[in-house]
Amino acid sequence: METPGSQSSLHRANLERVVRAVRLAGSLTQAEIARTTGLSAATVSNIVRELKDGGTVEVTPTSAGGRRARSVSLSGDAGIVVGIDFGHTHLRVAVGNLAHQVLAEESEPLDVDASAAQGFDRAEELVDRLIGATGVDRSKVAGVGLGVPGPIDVESGTLGSTAILPGWGGTKPAEELRGRLGVPVHVDNDANLGALGELVWGSGKGVRDLAYIKVASGVGAGLVIDGKIYRGPGGTAGEIGHITLDESGPVCRCGNRGCLETFAAARYVLPLLQPSHGPDLTMEGVVRLARDGDPGCRRVIADVGRHIGSGVANLCNLLNPSRVVLGGDLAEAGELVLGPIRESVGRYAIPSAARQLSVLPGALGGRAEVLGALALALSEMGDSTLLDGSVTGALPAATPAFT
């Protein structure tokens, strides 16, 4: 038995600090591990050697600042995690290892009117198929990250009312999938996972404070403060789509009038163009036509950008993020939408906050949420099983499904 404060317990704690730093980053040089953990270079070197000998990490030659270095990552066969993203019209699943490498990924259409049970059935089948495709033993699954397009109650794990997936409100997605897959499942809304995906793999790399704005069937924001997703006590932080822009504006699905969503979301924007462009027009089509020079589509996208910029300006004044990342189909419009966003930010935000802000398109496109789900699973798993040489997703029946 280790006594608290003993050399053995201190050594164990240092091992876990190093493993956690590498697990969250994907790979780090030994110098970066020392900076991240606060441990001395000599201590890090000894720990990395021990972890390498035990098969927990892999060390490969690299360079940093023009000098030779050693990159440390978790062993590729230490375990796997699964990411699941439920969207308005799609289901996307990815399987990755603990070294942040995607091993298999697939997306398929999802009927928006399908019941929650049908959606879970499809997800279970797709997860089983992709795990089988990797050739990794099922016992190596350390956890699952799950994204849903709606607010999640942080205490109960219940999905709030959502007009994006009708009939799903009141379900407990993490509990349902945990019962089906037999491994820990961690759930969050799609905007938060988009923020996490861009933070780890995309346009948010290297920053500690950012907002990820997703514009699709709805409008939401994932907020990263000091390197961590901020959810708020009830799990509803980031509902930027329901900032009021016009008290006399259209009635929003939330019951208020003139919300940002009523000026920017696809369900409100597309009807403006369908009389002249046909009833089958999609947001993807609007962006494509705008980039090809269509004046009506260019005007609508510019208007949407200015409205989004008003919401971003409010975020700047409240939270002062260093970066805003735009996701969803609209991000493909590039400067056609980013320019008007910056214009509104410059007009409505406090000048010092506006000067410090960069507005960028997402680098991950439609994959942001599923990669964020992988990152969520990686961040929530414990380090003790890795150090003990085994990863198993099985949990005792008394362990809560949602934390």
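# Salt bridges, a helix and a surface patch

Visitor: What does Glu 106 count as, buried or exposed?

Guide: Neither; Glu 106 counts as partly exposed, at 28% relative accessibility. This is a predicted model.

Visitor: And which residue does the Glu 106 side chain meet in a salt bridge?

Guide: Arg 129, with an N to O distance of 2.8 Å. Glu 106 lies in strand β6 (residues 102–109) and Arg 129 in helix α4 (residues 116–134), so this pair ties together parts that are 23 residues apart in sequence. Arg 129 also counts as partly exposed, at 42% relative accessibility.

Visitor: Which residues are linked with those two in a network of salt bridges?

Guide: Glu 108 and Arg 122 are in the network with Glu 106 and Arg 129. In general, side chains of opposite charge can pair when their charged atoms come close.

Visitor: What does Asp 128 form a salt bridge with?

Guide: With Arg 138, and the closest N and O atoms are 2.8 Å apart. Asp 128 is in helix α4, while Arg 138 sits in the loop between α4 and β7 (141–148), so the pair ties together parts 10 residues apart in sequence. Asp 128 is partly exposed at 34% relative accessibility, and Arg 138 is partly exposed at 36%.

Visitor: How many salt bridges does the count come to?

Guide: The count is 18. One of them joins Arg 12 to Glu 16, with the closest N and O atoms 3.3 Å apart.

Visitor: Where are Arg 12 and Glu 16, and how many residues apart?

Guide: Both are in helix α1 (residues 7–25); they are four residues apart, so about one helical turn separates them. An α-helix has 3.6 residues a turn, so residues three or four places apart point the same way. Arg 12 is partly exposed at 21% relative accessible area, and Glu 16 is partly exposed at 28%.

Visitor: New topic. Which residues are buried in α3?

Guide: Val 44, Ser 45, Ile 47, Val 48 and Leu 51 are buried there. Helix α3 covers residues 41–53, which is 13 residues. From first C-alpha to last it reaches 18 Å, close to the 18 Å expected.

Visitor: What does Gly 55 do just after α3?

Guide: Gly 55 takes a positive phi, about 80°.

Visitor: Last one. Which residues make the nonpolar surface patch?

Guide: Ile 225, Tyr 230, Leu 318 and Leu 319 make a patch of about 390 Å². Ile 225 lies in strand β10 (residues 219–225) and is partly exposed, with a relative accessible area of 34%.

How values were computed. Residues numbered from 1 in each chain as written. Predicted model: local features only at pLDDT ≥ 70, side-chain atom pairs only at ≥ 80, totals over all residues. Heavy atoms only, no water. Patch = residues over 30% accessible without salt bridge, like charges linked within 9 Å, V, L, I, M, F, W, Y side chains within 5 Å. Areas by Shrake-Rupley, 256 points an atom, 1.4 Å probe, with all protein chains shown as cover. Salt bridge = Lys/Arg side-chain N within 4 Å of Asp/Glu carboxyl O. Helix = DSSP H or I, 4+ residues; strand = E, 2+ residues; numbered from the N terminus. Buried < 20%, exposed > 50% of the residue type's maximum accessible area, 1.4 Å probe, protein only. Expected span 1.5 Å × (residues − 1).
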